[in-house]
2 protein chains.
Amino acid sequence: MFLRETRFQRFVQVMQRADQLVATTALEDLFGQMLDLMVSAIEAEAGVLSLYDEDTQTLVVQAAIGLPGAQRLIAARGSASQGLTGAALRQGTALFVANALWDHQDWISSAAVALPLRTAYCLPLVSQGRPLGCVHAFNLPDTLSEDSEELALINLLGSRLANEIEKAQILAQARRRERRQQALLEIVSHLTTTLDRDELLNRIMSRACELLNVEATSIWLRDPEHDDLVLHIAAGSNRERIVAQRVPAGRGIIGHVVATGETVAVNDVSRDPRFYRQIDANSGFVTRSILCVPLKAPRIQLGDARGIAEERIIGGAQALNPRDGAGFAAEDIALFETLASQAATVIRLAQLYSEVSALSTRIIDAITGAIDLKDSYTRGHSQRVSDFSVAIAQELGLSSDKIYRVRIASKLHDVGKIRVPDRILKKRRRLTDSEFAQMRRHPEYGLEFLKENGLLELEVLRDSWTALSQHHERLDGRGYPKGLSGDQISLVGRIVAVADVFDAITSRRPYQPARSADEAIAILRSLAGIEFDGECVEALVRARAKGLIHTQEERAEREHAPKRRRSVRRRSAWMAG
Amino acid sequence: MFLRETRFQRFVQVMQRADQLVATTALEDLFGQMLDLMVSAIEAEAGVLSLYDEDTQTLVVQAAIGLPGAQRLIAARGSASQGLTGAALRQGTALFVANALWDHQDWISSAAVALPLRTAYCLPLVSQGRPLGCVHAFNLPDTLSEDSEELALINLLGSRLANEIEKAQILAQARRRERRQQALLEIVSHLTTTLDRDELLNRIMSRACELLNVEATSIWLRDPEHDDLVLHIAAGSNRERIVAQRVPAGRGIIGHVVATGETVAVNDVSRDPRFYRQIDANSGFVTRSILCVPLKAPRIQLGDARGIAEERIIGGAQALNPRDGAGFAAEDIALFETLASQAATVIRLAQLYSEVSALSTRIIDAITGAIDLKDSYTRGHSQRVSDFSVAIAQELGLSSDKIYRVRIASKLHDVGKIRVPDRILKKRRRLTDSEFAQMRRHPEYGLEFLKENGLLELEVLRDSWTALSQHHERLDGRGYPKGLSGDQISLVGRIVAVADVFDAITSRRPYQPARSADEAIAILRSLAGIEFDGECVEALVRARAKGLIHTQEERAEREHAPKRRRSVRRRSAWMAG
């Protein structure tokens with residue numbers, strides 16, 4: 001009775017100790033301490049605790065005691081399907097081997113071979129039929145038999161431990177997923193802060209490289225001319241080596257993906273006949289495995305008359321060679337797909353924006369260019385005034401938002417001339433008073449042009465329309481059309497006034513030859529505070545010193561140099577009707 | 001000894017049974033079965049198992065046995081801080097009360113008052129110092145004392161149960177978070193598929209309503225004129241009642257949020273002096289609690305000369321009255337913030353897109369309107385040809401993408417006339433052969449205009465430039481400038497040819513009066529297959545039947561009716577120079 005009493009009390013003590021351990025110990029320390037408790041509970045000589053790794057289907061040793069070189073066993077990895085261990089895990093029940101011949105197929109028993117072994121007990125840690133790990137105990141007391149109560153105790157401890165492992169696994173997996181999703185959400189949220197395509201692609205690819213833990217990622221965009229896929233961005237280890245590559249239409253795994261819109265993951269490309277070897281041959285990179293997803297931009301509802309931009313596959317994204325050596329997990333694939341689809345959407349948005357933005361810029365260039373050509377002496381005037389105004393605005397430290405508005409509005413400053421008859425605009429002799437009066441109405445005509453075409457409602461012109469109406473006003477109130485003075489004239493009006501006169505002075509005119517930039521600056525400075533805003537004049541002087549201001553003649557010289565500038569050439573053939 | 005032996009075996013059996021239950025039973029069934037096991041292990045008469053609810057700091061009964069009306073106790077809720085239960089939870093240790101006077105402060109003991117009570121045992125379920133729940137056992141055997149081994153057994157079972165509850169809680173929380181993050185990611189990803197602002201706002205708000213489980217959500221945008229906040233979208237229960245509301249600048253909790261850029265959560269608005277009561281007064285909705293976050297659009301990199309759109313607060317988003325009655329959790333706040341910041345970004349993108357899109361459309365309208373006015377007999381011609389071409393394209397079932405291109409290109413079809421001298425365009429008498437030859441060059445001039453201004457590189461014109469160069473070609477090859485025939489003429493060219501001639505016939509001209517639409521259709525039909533594409537002609541006829549085609553005269557009638565159409569008014573004052 002005393003013996004039983006003691007065993008019972010020890011039993012309770014061991015279980016309470018296990019509770020205490022579980023409640024207070026971090027998982028990495030828990031393994032050693034639980035193993036210790038289990039081995040001592042049944043008075044075994046040695047023990048090994050290993051966890052099951054689902055990906056590789058092996059057992060990994062976490063703790064070992066009582067064995068020669070126990071520490072060296074930690075992190076050792078072995079089969080979970082062979083020998084005694086395999087049998088125990090398969091059956092999901094503990095196996096007791098008394099006086100057994102060593103099973104050399106069993107790697108954990110083999111590891112214990114330095115010990116003069118007598119008995120072994122293999123306790124699988126299982127939850128809901130799923131293997132979590134294994135506890136091996138070696139050289140149990142001879143008194144112990146398969147149905148000893150001590151074995152019931154170690155089984156209870158094993159079950160407690162399995163429960164703890166499961167909890168830790170659930171928690172770790174949940175945290176990992178949450179971290180990934182959080183990272184993904186941050187990337188996706190951040191994508192929309194740029195409509196600059198290459199900036200965008202760079203961002204996505206370097207983040208994808210980290211998040212997927214792969215050697216390299218790349219983005220290939222469809223070339224609308226030939227349907228080839230052209231490398232646009234590469235991130236990761238082959239970044240420098242892989243440039244300007246091109247996969248012919250329909251070739252390669254990526255060609256397949258772009259043609260079908262399906263994701264393809266190939267864990268050994270050497271066995272895939274679709275693999276296009278030329279890129280590796282060119283770059284020296286060795287591709288082992290590929291995850292390739294389509295860049296599929298969805299239908300985008302644009303609103304109003306613009307309608308809908310249809311769904312289209314604009315290219316593909318690739319991730320190469322996971323660094324951990326394993327294949328691409330379902331989780332990785334889903335993540336890369338989300339990233340790619342989001343990237344495709346934003347690339348498409350950027351495309352739509354840059355397209356419509358280019359349309360307005362070029363149409364404005366065309367119309368103002370045509371107006372300048374109504375008077376052959378003002379060829380290129382609007383463009384130059386716009387360039388000078390932007391340079392002044394930059395020197396004045398205006399925001400890039402505001403500078404854009406100055407760019408557009410200043411280019412339109414003479415648009416009112418569209419309403420001044422050709423016979424006045426093209427007249428070489430001195431204008432009559434009535435002709436001159438009509439000429440001087442062009443700032444008003446310009447403002448009417450904006451108003452009547454609904455352009456004044458647009459943000460871009462809402463605070464910069466004064467570029468049109470005020471560019472002939474003077475600080476002293478002696479300008480036209482309104483005779484505004486001082487602070488009545490807006491900053492934009494003052495900027496364009498300086499830019500306009502600088503170009504007028506430095507251009508050839510019917511009544512006078514072109515003067516030099518220095519002469520023009522001297523004139524502007526002499527009139528600062530009277531006609532012109534001194535700060536705007538000095539901003540122009542500084543911009544000129546930085547090489548940002550080129551007169552008509554300086555531009556003409558560059559035009560006649562071998563490298564013709566396209567923007568100049570574009571308009572040169574145009575004459576207003 | 002026999003007794004001990006039996007108890008020991010029972011002990012082991014009970015523990016094994018607990019293991020088995022944990023391994024095989026779903027949580028909701030586990031509570032009843034574990035309670036049963038625990039109560040019978042110590043041979044108590046009755047028991048109650050309750051879980052701790054962190055939000056309300058109360059205990060909620062999950063299972064009860066042996067008590068009169070046990071089932072009615074399920075889901076009952078009571079204090080976790082008072083009486084015996086409170087003491088046990090605070091100390092984190094079990095309390096045994098033998099022959100105690102009933103503590104009426106203890107709600108669970110009170111619930112058991114119908115029982116002739118003798119003893120009670122209150123076992124707190126605790127993990128890492130955190131209360132998870134409580135097991136009460138009533139009327140334990142008289143032989144039991146505070147240090148009976150049976151109590152050790154129930155404590156072990158309690159610890160096992162606590163472990164299981166913790167695991168379930170971790171899992172549930174992880175799943176809830178994951179589901180929310182997943183939902184958030186889906187919403188955020190989907191946002192970018194529209195640049196139609198109101199569509200976008202509706203989407204976000206209705207999803208936010210679901211996700212946060214609140215009675216209502218709304219979006220308020222800054223009115224750039226007065227800085228008031230104007231309600232744009234409301235979702236949820238007050239959707240119908242709350243329209244066209246306006247919060248004056250700086251007023252209300254939302255005014256504070258928009259001014260400071262800070263999130264504010266107020267769980268009882270009646271105590272917040274900032275709360276703007278007028279909206280509730282107008283709508284009849286009763287706001288109890290508000291979560292209000294700023295709509296903060298980040299800096300957006302636009303690329304090229306367009307530069308950067310600066311960060312700005314464009315308004316605020318509100319969520320009202322969580323349905324579960326609790327306040328806004330940190331998790332809710334973070335989620336709503338993410339959603340709002342993403343919405344703000346996309347709203348800003350939509351704004352930027354619609355701004356630049358409107359700029360190009362209006363500039364094109366202005367330039368083509370001015371060209372039409374060079375010849376006073378073609379006023380409004382370009383716009384009408386564009387409208388007719390779009391109607392034909394729609395009838396032909398072209399995609400909205402393609403229709404947009406037809407709209408733009410057809411409006412520009414006569415842009416080459418900018419290069420035809422006024423004296424020819426405005427000439428009322430018959431043109432000389434050489435004048436006529438120059439007039440007939442306008443399709444070529446138009447194509448040059450596109451080329452020289454870089455417009456041909458744009459997607460919008462890349463496949464629709466033929467609207468300019470081919471609108472005077474004829475199917476039989478007798479058109480100009482190239483004399484193309486049959487399939488050599490693009491679909492866009494054919495569409496615009498039909499639209500152009502329909503407008504010419506139905507408009508007043510120097511040499512002939514306007515004819516009716518029916519006459520025009522008869523002429524077009526008679527020339528179908530010779531000069532015009534028959535399908536395009538029939539598409540125009542169908543569009544006319546649907547009321548989509550209005551001649552110059554029909555439009556003029558509407559213009560002179562009281563409701564003037566703005567687009568017509570806009571251009572009417574313009575004359576080309």
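**Chain A and chain B: contact and symmetry in a predicted model**

In this predicted model, 100 residues of chain B touch 100 residues of chain A.

User: Which helix of chain B gives the most to the side that touches chain A?
Analyst: The side of chain B that touches chain A comprises 47 nonpolar, 25 polar and 28 charged residues. With 22 residues, the leading contribution to this side comes from residues 330-374 of chain B, namely helix α10.

User: Why does the distance between the end C-alpha atoms of α10(B) agree with the span expected of the helix?
Analyst: The helix α10(B) has 45 residues, and each should add 1.5 Å. The expected span is therefore 66 Å, and the end C-alpha atoms of α10(B) do lie apart by 66 Å.

User: How many of the residues of α10(B) are buried?
Analyst: A residue counts as buried when 20 or more other C-beta atoms lie within 10 Å of its own. By that criterion α10(B) is mostly covered, the buried share of its 45 residues being 36.

User: What relation holds between chain B and chain A?
Analyst: Two copies of a chain are related by a rotation about an axis and a shift along it. Here a turn of 180° with a shift of 0.1 Å along the axis lays chain B on chain A, with an RMSD of 0.2 Å. In chain A, 100% of the contact residues of chain B recur, so the same surface serves both copies. The relation is therefore that of a two-fold axis.

User: Which residue of chain B comes closest to the rotation axis?
Analyst: The distance is taken at the C-alpha atom and amounts to 2.0 Å. The residue of chain B in question is Ser360(B).

Conventions
Residues numbered from 1 in each chain as written. Chains lettered and ligands numbered in written order. Predicted model: local features only at pLDDT ≥ 70, side-chain atom pairs only at ≥ 80, totals over all residues. Contact = placed C-beta atoms within 7 Å. Helix = DSSP H or I, 4+ residues; strand = E, 2+ residues; numbered from the N terminus. Nonpolar A, V, L, I, M, F, W, Y, C, P; charged D, E, K, R; others polar. Expected span 1.5 Å × (residues − 1). Buried ≥ 20, exposed ≤ 12 C-beta atoms within 10 Å, placed from the backbone. Least-squares fit on C-alpha atoms with pLDDT ≥ 70 in both.
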